[in-house]
Amino acid sequence: MTVMDPTLEEVKRRAEEREVLLDLENVSLSFGGVKAITNISFNIKKGEIRAIIGPNGAGKTSMLNVINGFYQPQEGVITFNGEKRSSMKPHLAVSQGIARTFQNVALFKGMSTLDNIMAGRATRMKRNMFWQMLYWGPAQREEIEHRKKVEEIIDFLEIQHIRRTPVGTLPYGLQKRVELARALAMEPELLLLDEPMAGMNLEEKEDMSRFILDVNDQLGTTIALIEHDMGVVMDLSDRVVVLDYGRKIADGVPEEVQSNQEVIDAYLGLSH
Amino acid sequence: MFYRTSGQFKTTYESDQALFPIKQDMFLLVVILAIMYAIFPMFASEFTYKALLVPVLIYSLASLGLNILTGYAGQLSLGTAGFMGVGAYACYKITTIFPEMNIIIALFLSGFFSAAVGVAFGLPSLRIKGFYLAIATLASQFFLVWLFEKWAWLYNYNASGAIEVRTMDIFGLVVTGPTASPMVQYYFVLGIVSVVTFAMINVTRGRYGRTWKAVRDMDIAAELVGINLMRAKLSAFAVSSYIVGIAGALMVFFWKGAAEPNLFDIPMSFQIVFIAIIGGLGSVMGNFLGAILIVALPVVLGLLPELLGLTIGSATMEHVNVMVVGSLIIMFLIVEPHGLARFWALIREKLIIWPFPH
């Protein structure tokens, strides 16, 4: 049996059928006189891999920061899971099910891989100081229950061998993987990946791509992804939104976006 | 050879997360505790208690408190002695207002006062970091010492301006005041230090410890994994100041017997910072090693000439002492900048794989 690539119409139809998870409407963000994001609307649907691309300084990372509550947009309406969001703080976004990784690895360098991933579950652990001091009974049960979850993630991402290693000493590719593990430990509904493949070699990129697909497929996590490697973006993502100078210039399935004249101009530049 | 871990398999997460996953560590701890609880009291003289054992324990406890804040949560503080003072004065006031209260309860209550003051002075940590925060805590140091001097209510309007510990007993056993036996006081301090240390080992390897370390290593990332920065920092200030306060109360009630406000001045803050840094930031055991080096070693060195039958003037010995301890500190910091605890960890790792190099 040969696997056929689905036709363009089919891909579009599939995307249409999905429920909306996150909806942004006319979002604008500025820092003083600098407009980072101007009047952008798009949505992310449940279970899809959504890529956000654009040249440097297009406002991609600002977009992620708006989504996870690190920046407050001056205008616009954000709806997550059918709920309109008023003001937002990052730790609240986490409890609603939004996790992210960073462009530059942002791990807790002095801690082991295991502790880093366990830290991702900090908001889910509830035992108070008294039980913590005894480390016995409920506190120990809680710790072990979360350890089991964390070990599942460690298995999933194949990082068993570096469980006890301080992350500061790990090679870059593995650090990125530990960061993904920490984000997964939060059991997010929406996972924001900011350039998960920046600075990786081909093999590491292939590994990471496989993990992203596995996370999407097996855990059912919705993924929003910023990436500069166009090959990766076009292969992985279901739909792509293209930003340039803080504006949206294209939005659609990869094939559409690739052939969009404005996108080509943005990337290759225009002759004046 | 002594540290061979082969054959010790972990089949459950309980055993993997146990306090001592390696049997030899457990054995070592039992030996140390046996020496502390049984062997020392058999031989120690009053001088040993008053000049060596009790001070080392109390300074270790204070340094442990500071280490929670600086080593684990990454918030620099130069106000340790001030917070110790709050603990001591609070304990003094509690025991004068409620003379019948058990001293143990008074001690643990007084920790709450220093914790509250610590949280209040920790509020700037929400906006400033690093050296700037250290300067902000320095302000608390000056302010608190000034308060101990000027607020006469704190020392019960004594003419001397100092606090003096009266004789108190627990179930008939005199524990404080001039008539208390040093051995009883030693056991008392040792008991409290053991309990607090055990609790802190557990806290630092559990949820709070991870939260604090996450804030220390990268606070923005900590916030984005869902950690409430304000709560994490202030809880570190609270726990740290609580322990430091108890250490201060122990110092006055079970060691010095009396205290003037200037006891809690900057030199002591610095001394405790040194203990924490040389012992190893972010380690519980390091505090004890650091206190032995900084508090006990000078005393032992001072005794040496007498033991060897040499006659050296005490002033000369004082200078020699400063030189020896100073060069040892420099040597240890060059050999292992991360402190004595890391030094021990490296030795232990080498012992585990000995006789092989890798």
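**Exercise 1. Work out the overall build of chain A.**

Start with the secondary structure: chain A has eleven helices and ten strands, where helices (H or I, at least four residues) and strands (E, at least two) are DSSP runs numbered from the N terminus. Next, check the compactness. Chain A has a radius of gyration of 20 Å, close to the 19 Å that the globule rule gives for 272 residues, so chain A is as compact as a globular protein of that length. That radius is taken over C-alpha atoms, and the rule is 2.2 Å times the number of residues to the power 0.38. Along the principal axes, the C-alpha atoms fill a box of roughly 70 × 50 × 35 Å.

A quick word on ground rules: this is a predicted model, in which local features need pLDDT of at least 70 and side-chain atom pairs count only at pLDDT 80 or more, while totals for chains, interfaces and linings use all residues. Residues are numbered from 1 along each chain as its sequence is written, chains are lettered from A and ligands numbered from 1 in the order in which they are written, and side-chain values use heavy atoms, with hydrogens and water left out.

**Exercise 2. Do the same for chain B.**

Count first: chain B has 14 helices and four strands. Then the size: a compact globule of 358 residues would have a radius of gyration near 21 Å, and chain B agrees because its value is 21 Å. The C-alpha trace of chain B spans about 65 × 60 × 45 Å along its principal axes.

**Exercise 3. Set burial, surface and charge for the two chains side by side.**

Step one is burial. In chain A, 54% of the 272 residues count as buried; in chain B it's 49% of 358. Buried means under 20% relative accessible area, exposed over 50%, and partly exposed in between (1.4 Å probe, protein chains only).

Step two is the surface, from the Shrake-Rupley method with a 1.4 Å probe; for residues, only the protein chains shown count as cover. Chain A exposes about 12,800 Å², with 49% belonging to carbon and sulfur atoms. For chain B the accessible surface is about 17,000 Å², and carbon and sulfur atoms hold 72%.

Step three is charge. Lys and Arg count as positive and Asp and Glu as negative, leaving out His and the chain ends; each charge is placed at NZ of Lys, CZ of Arg, CG of Asp or CD of Glu. Chain A carries 32 positive and 40 negative charges, with mean positions 7 Å apart. Chain B has 20 positive and 17 negative ones, and their mean positions lie 10 Å apart.

**Exercise 4. Describe where the two chains meet.**

Count the residues: 38 from chain A and 31 from chain B take part in the contact, meaning heavy atoms within 4.5 Å. Now the area: about 3,100 Å² is buried between chain A and chain B, and carbon and sulfur atoms give 63% of it. Phe108(A), Met129(A) and Tyr135(A) supply 19% of what chain A buries against chain B, more than any other three residues. Buried area here is the accessible area (1.4 Å probe) that two parts lose on being put together, summed over both.

**Exercise 5. Which residues of chain B does His91(A) contact, and which does Met133(A) touch?**

Take His91(A), in helix H3 (residues 90-96) of chain A. His91(A) is buried, at 19% relative accessible area. Leaving aside neighbours within four places in sequence, His91(A) contacts Glu223(B), Gly226(B), Ile227(B) and Asn228(B).

Then Met133(A), which sits in helix H5 (residues 129-134) of chain A. Met133(A) is partly exposed, at 29%. Not counting residues up to four places away in sequence, Met133(A) touches Phe198(B), Ala199(B), Met200(B), Asn202(B) and Val203(B).

**Exercise 6. Look at the backbone of Asn156(B) and Tyr157(B).**

Here's the background: most residues other than glycine have a negative phi. Now find Asn156(B), in the loop between helix H6 (130-150) and strand S1 (163-164) of chain B. Its phi is near 55 degrees, a positive value in a residue other than glycine. Tyr157(B) lies in the loop between H6 and S1 too, and the phi of Tyr157(B) is also positive, near 55 degrees. Finish with accessibility: Asn156(B) is partly exposed at 26%, whereas Tyr157(B) is exposed at 59%.
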